[in-house]
Amino acid sequence: MKYDYVYDFHNGFAAVQLKGKWGFINKKETLVIPCKYDDVKNLENDLIATQLKGKWGFINKKGKTIIPYKYDEVHSFSSDITIVSVKEKWGVINLKRKLIMPCKYDFIYYNSLGMMALEVNNKTTYVDKNNKDISKEKYMESIYLEYAKEFFVSNNSGKYGITDIKGKEIASEIYDDTSYVFSEGLIAMKKNNKWGYVNTKGKEMIPFIYDNTKPFSEGLAPVELNNKWGFIDKKGKVVISFAYDGAESFSEGFAVVREDTIKKIEIEGRYEEHFSFGYIDKTGKIVVPIKYSFANPVRNGLALVGKGENSISYYNNTMDGASSYGEWGILSLNK
């Protein structure tokens, strides 16, 4: 592939960089939007945030400008709104380009329910999707709005718990850390330095025995035990053994897995750790050899991979550099 960098595919499109400018290709690797943008983000949405001459706006999948380039910073759309910044002050616009809250706030949090926290001069006001002040609701000051859907993570005591949208306690604040989000009805929580999973009723469903965890997807979750990664199902049964140095959640029936190799070099105390990536299916079978220096999750049957060098160098057990370079390509994976 002739591009300097390629983003993952979303909705049939991928952002590509050529000579410092960004554009978009389709599944056939045809350039459908020219490489003319200074930066791009939020590719998951129907409207894509793009930057020109230092200002941000939004285009559609045909490259047409939908929201003009006049903002210093933008976020992705959620519940048909997004937050935008002008001169370090934040406001809210909707899909119809209407400014529904002026750019006067020091910071704004918002979630998929349309609830927002508006901060001015260190004072926070909470409003719902109808702009009604809900600051007096008992759960508002204890939630992480950016993660909220039906449940909130609470943290009043220095420990983490779970609260529902009405303020009812689902799980007591007894946990040391959290993944913040539910996936397929389970959320990862940390207790006594180990990770496990809790359901939407606050019941501990999977024992707290893992060193690290990632979200459930397609019925399986990557978990780490004794420095190796494998996969468990929702009952906690190990379905893919702990054989990998890294793993990502399943997407369209495939998961990215990683193997690391350590290469000693001449100077005493210095070594390099090299990463190789491939894909497995839900039986644990390696369907794409673990040979790529970079691999993204499968989307729409396509996977972005890279060949070349991908390593981290260490000196006296301290990271002192990283490198990643080579060529990019697209694999077609069909279940």
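1. The largest nonpolar core of this predicted model has 13 residues. Within that core, Tyr-279, Leu-331 and Leu-333 have the most contacts. Two or more core residues come from each of strand E28 (254-264), strand E29 (270-281), strand E30 (286-292) and strand E32 (302-315). E29 gives the most, with three residues.

2. Leu-331 deserves a separate entry. With its neighbours within four places in sequence left aside, Leu-331 is in contact with Tyr-279, Val-288, Tyr-292, Gly-301, Leu-302, Ala-303 and Val-305. Tyr-279 is thus on the contact list of Leu-331, and both residues are named among those with the most contacts inside the core.

3. On the overall make-up: the protein chain has zero helices and 33 strands. Of its 335 residues, 47% count as buried. Among contacts in the chain with a separation of 6 or more, 31% are made by residues 24 or more positions apart.

4. One open sheet consists of four strands in the order E5-E6-E7-E8, and the pairing is antiparallel. Strand E5 (39-41) and strand E8 (65-71) stand at the edges; each has a single partner strand, so one side of each is left without a neighbour in the sheet. From one strand to the next, the twist averages 20°.

5. Within that sheet, strand E7 (residues 55-59) is joined to E8 by three bridges, and the two run antiparallel. Trp-56 stands opposite Tyr-71 of E8.

6. A second antiparallel pair is formed by strand E11 (residues 89-94) and strand E12 (residues 99-105), again with three bridges. Here Trp-90 has Tyr-105 in E12 as its bridge partner. The hairpin of E11 and E12 has four residues between the strands, and in this hairpin Arg-97 takes a positive phi near 70°. As background, strands of a sheet pair through backbone hydrogen bonds, in either a parallel or an antiparallel manner.

7. Is Ala-221 buried or exposed? Its relative accessible area is 0%, so Ala-221 is buried. Ala-221 is found in strand E24 (residues 220-225). Apart from neighbours within four places in sequence, its contacts are Tyr-197, Lys-214, Pro-215, Phe-216, Gly-230, Phe-231 and Ile-232. From Ala-221 to Ile-240 the separation is 19 residues in sequence and 10.0 Å in space, C-alpha to C-alpha.

8. Thr-213, in strand E23 (residues 212-213), has a relative accessible area of 12%. That value is under the 20% cut-off, so Thr-213 counts as buried. Which residues does Thr-213 touch, not counting those up to four places away in sequence? They are Ala-188, Trp-195, Tyr-197, Pro-222, Val-223 and Trp-229. Tyr-197 appears here and also in the contact list of Ala-221.

9. On internal space: a search of the whole structure finds two cavities of 30 Å³ or more. The second largest cavity holds about 40 Å³ of space. The residues that line this second largest cavity are His-10, Phe-13, Ala-14, Ala-15, Phe-24, Leu-43, Ile-48 and Lys-61.

Key
Residues are numbered from 1 along each chain as its sequence is written. This is a predicted model: local features need pLDDT of at least 70, side-chain atom pairs count only at pLDDT 80 or more; totals for chains, interfaces and linings use all residues. Side-chain values use heavy atoms; hydrogens and water are left out. A nonpolar core is a set of buried Ala, Val, Leu, Ile, Met, Phe, Trp, Tyr and Cys residues joined through side-chain atoms within 4.5 Å. Buried means under 20% relative accessible area, exposed over 50%, partly exposed in between (1.4 Å probe, protein chains only). Contact means heavy atoms within 4.5 Å. Two strands pair if DSSP finds at least two bridges between them. Axes are lines fitted to C-alpha atoms, for helices over the stretch in contact, and angles run from 0 to 180 degrees between N-to-C directions. On a 1 Å grid over the protein atoms alone, a cavity is a set of points where a 1.4 Å probe fits but cannot get out, and a pocket is an open set with protein on both sides within 12 Å along at least five of seven lines; lining residues have an atom within 4 Å of a point. Grid points are joined across faces, edges and corners, and a volume is the space filled by probe spheres set on the points.
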